[in-house]
Amino acid sequence: MDRCGPVYMLVNCAGMALCGTLEEMTMQDIKTVIDLNLYGTIHMTKALVEGMKQRGRGCIVITASQAANLGIYGLAAYTSSKFALKGFAEAMYME
């Protein structure tokens, strides 16, 4: 931002999936998926939203997948992170 000026648009589109049933996945696997898919979006949004509000302009886009709407066998961690993104996006829209 120091070199290019304020950010007008943030497109949150990062995502990853580690496949496996809950029993097959380690807690570190689950944490990895949620850290990237959910917390990555939250960190970037938090870093920029205040400045956008102060300037009275800006746009934040949050992408997910169909997994934000329905569970998928073998993707419990991924699906959980995408459901959470949907809720985060809805709450941020109200804020």
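**Exercise 1.** In this predicted model, state where T21 lies, whether T21 is buried or exposed, and which residues beyond its sequence neighbours it contacts.

*Solution.*
Step 1. Locate T21: its place is in the loop that runs between strand 1 (9-12) and helix 1 (27-55).
Step 2. Apply the accessibility cut-off: buried means under 20% relative accessible area. T21 has 18% relative accessibility, so T21 counts as buried.
Step 3. List the contacts, setting aside neighbours within four places in sequence: T21 is in contact with Y73 and G74.

**Exercise 2.** Give the number of helices and strands in the chain and the order in which they occur.

*Solution.*
Step 1. Count the elements: there are two helices and two strands.
Step 2. Read them from the N terminus on: the order is β-α-β-α.
Step 3. Add the overall dimensions: the C-alpha trace spans about 45 × 25 × 15 Å along its principal axes.

**Exercise 3.** Determine how many disulfides the chain has and explain the result for C13 and C59.

*Solution.*
Step 1. Take the criterion: two cysteine sulfur atoms must lie within 2.5 Å.
Step 2. Apply the criterion: the count is zero disulfides. C13 is in none, and the cysteine sulfur nearest to that of C13 belongs to C59, 14 Å away.
Step 3. Check from the other side: the closest cysteine sulfur to that of C59 is in C13, and because 14 Å separates them, they are too far apart for a bond.
Step 4. Compare the surroundings: C13 counts as exposed at 56% relative accessibility, while C59 is partly exposed, with a relative accessible area of 26%.

**Exercise 4.** Identify the residues of the largest nonpolar core and the elements that give two or more residues to this core.

*Solution.*
Step 1. List the members: the core has seven residues, M25, I30, V33, A67, L75, A77 and Y78.
Step 2. Assign them to elements: helix 1 and helix 2 (76-94) are the ones that give two or more residues.
Step 3. Examine one member, A67: leaving out residues up to four places away in sequence, A67 touches I72, Y78, T79, K82 and F83.

**Exercise 5.** For the whole chain, report the buried fraction, the accessible surface, the share of contacts at least 24 apart and the separation of the mean charge positions.

*Solution.*
Step 1. Burial: 28% of the 95 residues count as buried.
Step 2. Surface: the accessible area comes to about 6,500 Å², and 61% of this belongs to carbon and sulfur atoms.
Step 3. Contacts: of those between residues at least 6 apart in sequence, 61% join residues at least 24 apart.
Step 4. Charges: the mean position of the 8 positive charges is 12 Å from that of the 8 negative charges.

Terms used: Residues are numbered from 1 along each chain as its sequence is written. This is a predicted model: local features need pLDDT of at least 70, side-chain atom pairs count only at pLDDT 80 or more; totals for chains, interfaces and linings use all residues. Side-chain values use heavy atoms; hydrogens and water are left out. Helices (H or I, at least four residues) and strands (E, at least two) are DSSP runs, numbered from the N terminus. Buried means under 20% relative accessible area, exposed over 50%, partly exposed in between (1.4 Å probe, protein chains only). Contact means heavy atoms within 4.5 Å. Accessible areas come from the Shrake-Rupley method with a 1.4 Å probe; for residues, only the protein chains shown count as cover. Lys and Arg count as positive and Asp and Glu as negative; His and the chain ends are not counted. The place of a charge is taken as NZ of Lys, CZ of Arg, CG of Asp or CD of Glu. A nonpolar core is a set of buried Ala, Val, Leu, Ile, Met, Phe, Trp, Tyr and Cys residues joined through side-chain atoms within 4.5 Å.
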